[in-house]
Amino acid sequence: MAASTFMGSPSWLRIRLLPSGNPRLGRRALSSRVRASASADVVGGGPVRVRFAPSPTGNLHVGGARTALFNYLFARSRGGKFVLRVEDTDLERSTKKSEDAVLSDLAWLGLDWDEGPDIGGEFGPYRQSERNSLYKQHAEKLMESGAVYRCFCSNEELEKMKETSNRMKLPPVYMGKWATASDAEVQQELEKGTPYTYRFRVPKEGFLKINDLIRGEVSWNLNTLGDFVIMRSNGQPVYNFCVTVDDATMRISHVIRAEEHLPNTLRQALIYKALGFAMPLFAHVSLILAPDKSKLSKRHGATSVGQYKEMGYLPQAMVNYLALLGWGDGTENEFFTIDDLVEKFTINRVNKSGAVFDATKLKWMNGQHLRSLPSDLLIKDFEDRWRNTGILLESESGFAKEAAELLKEGIDLITDADAALCNLLSYPLHDTLSSDEAKPVVEDKLSEVASALISAYDSGELGQALAEGDDGWKKWVKAFGKTHKRKGKSLFMPLRVLLTGKLHGPAMGNAILLVHKAGSSEVVGPQSGFVNLDERFKILKELDWESFQKEQESPAESAVPVAS
């Protein structure tokens, strides 16, 4: 089945367009219909070639990254080619810095391309700014066939046409005389040196219908368009003309792009047919929406791939999350590697409704991918991070490995590792005891546990247990609980508060063993805010529990008093 259908056409297009069922066209109509259908099938059923065509005028938006990803997955899943083309015809805004950044972000995501401006290919060049001769060649071809004409209208004349259309509540279509001007009139303006554009002749009747691979059947009336410019008076080609020539000459089989390009399809389809090129198949992907269902923009926070990279996100997590914005494999599974996605991706499972970007879920997914890394790689990432920030001084003691294993479950971003380790090494006892949440623990004779704990530390008993590692710690805790007739929560909560200064955190035994190791091996730097065991017990000894309990009963003052 043909990718597109034109109903109604002028004489110069009839050979290339699928005409209406007008009986006056007879066998010629049937012949033209067959050729149009066959050529479309060749593109749709031949080698898969898709493209991602960013404009180097800014950073790579997450919406653009998802479009690139869907193109990449479609190509890889079908054994096809993924082409990167830079659309830099906006000479004022396009920069080499932006182009480099976009290519760098795509490479970081792992979306390697088969042809592009940096590696070349059979159908280059791959920057629009380097393809002007090709555009002019095809523009002249259209001029010779009568598909376009020279338009000498001034800006003032065009503005008046627009005002007239608005006043009459009509579509802003071209109403100038140059579509029907005589050769003599045209020659006269050429001799005067009047600037002109190349304007495409659009049929006044009929409509275009395409079968979009995502959105289904989409159609447009041709009478809403009007003759449009393909080449400006300065010789620069217009976007829709460039895109059509590029896609056709690069033999792109499937155009997968954002839905905001859907209106461009009508102009591009007319140009395809006028040039005699086979139409590609189209798939228009929905927009990515903000939580308030508006289009995702900078006012909603980070929107570029580069920003998420700097924030510590993993490329595999970004790829996984972006794939799920509008696509799913039909199961409850949400965790995919890029190889999984290549294996499972199909364009017919892409949803045509908008997908909401949820930064919280992205962070959660990043944590899933972070913790799925091989243990040695995860430990190295944490260790490198801690050393670079000055939290960790050396790692020969195995401290980094133990800390990474202990803390990884609570870390979703590699940048969060700093706060997680600093939190482990800190001792915010005063703030904890002053909190409402700590009140039940304090009222459970916490001062008595503190006194017993201080005795155990001063005698060297606790220090010896910690030096013996996990087994030594467990034996000591069991004996301590038995001596003081405590077990379960009534044992472990007081110990957690008194030893770590916190009500919550990773496994207490592992945490206090790491604190002991940090103090004995001098592995952490001053930036960590580390409070060693000696300092912790000094703070405990200075607590005036009697005054503190009075303060708890009369919370006019929030500070925890210490003995004078």
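In this predicted model, helix α18 (residues 446-458) packs against helix α23 (residues 533-542) with the two axes 11 Å apart and an angle of about 140° between them. That angle makes α18 oblique to α23, and the crossing of the pair is left-handed. On the α18 side, the residues that meet the partner helix are Leu 453, Ile 454, Tyr 457 and Asp 458. Facing them from α23 are Leu 533, Asp 534, Phe 537, Leu 540 and Lys 541. Sorted by class, this contact of α18 with α23 has six nonpolar residues, three charged ones and no polar ones.

Another helix pair is α20 (residues 469-483) with α22 (residues 508-521), whose axes come within 10 Å and cross at roughly 120°. α20 and α22 are therefore oblique to each other, and their crossing is right-handed. Here α20 brings Gly 469, Asp 470 and Trp 473 to the contact, while α22 brings Met 508, Gly 509, Ile 512 and Leu 513. The tally for the contact of α20 with α22 is four nonpolar, two polar and one charged.

Then there is α14 (residues 399-407) with α15 (residues 416-425), packed at an angle of about 100° with the axes 11 Å apart. This angle makes α14 roughly perpendicular to α15. Phe 399, Ala 403, Leu 406 and Leu 407 are what α14 puts into the contact, and they meet Ala 420, Leu 421, Leu 424 and Leu 425 of α15. As for residue classes, the contact of α14 with α15 comes out at eight nonpolar, with no polar and no charged residues.

Turning from helix packing to open space, the largest pocket holds about 1100 Å³. Its lining is made up of 36 residues, and those nearest the pocket centre are Pro 54, Ser 55, His 61, Gly 64 and Glu 260. Three elements, β2 (49-52), α2 (62-77) and β9 (254-258), are the ones that give two or more residues to that lining. Of these, α2 supplies the largest share, with four residues. The chemistry of the pocket lining is mixed, with 15 polar, twelve nonpolar and nine charged residues.

Two spots in the backbone also deserve a look. One is the peptide bond that joins Gly 124 and Pro 125, which is cis, with omega at about 0°. Pro 125 sits in the loop between α3 (96-109) and α4 (132-145). The other is Arg 251, which has a positive phi of about 55° even though this residue is not a glycine. Arg 251 is also a loop residue, found between α7 (239-249) and β9. Strand β9 has already come up, as one of the elements that give two or more residues to the lining of the largest pocket.

Technical notes. Residues are numbered from 1 along each chain as its sequence is written. This is a predicted model: local features need pLDDT of at least 70, side-chain atom pairs count only at pLDDT 80 or more; totals for chains, interfaces and linings use all residues. Side-chain values use heavy atoms; hydrogens and water are left out. On a 1 Å grid over the protein atoms alone, a cavity is a set of points where a 1.4 Å probe fits but cannot get out, and a pocket is an open set with protein on both sides within 12 Å along at least five of seven lines; lining residues have an atom within 4 Å of a point. Grid points are joined across faces, edges and corners, and a volume is the space filled by probe spheres set on the points. Ala, Val, Leu, Ile, Met, Phe, Trp, Tyr, Cys and Pro count as nonpolar, Asp, Glu, Lys and Arg as charged, and the others, Gly among them, as polar. Axes are lines fitted to C-alpha atoms, for helices over the stretch in contact, and angles run from 0 to 180 degrees between N-to-C directions. Angles under 35 degrees count as roughly parallel, over 145 as roughly antiparallel, 65 to 115 as roughly perpendicular and the rest as oblique. A crossing is left-handed if the near helix is turned anticlockwise from the far one by less than a right angle, and right-handed if clockwise. Contact means heavy atoms within 4.5 Å.
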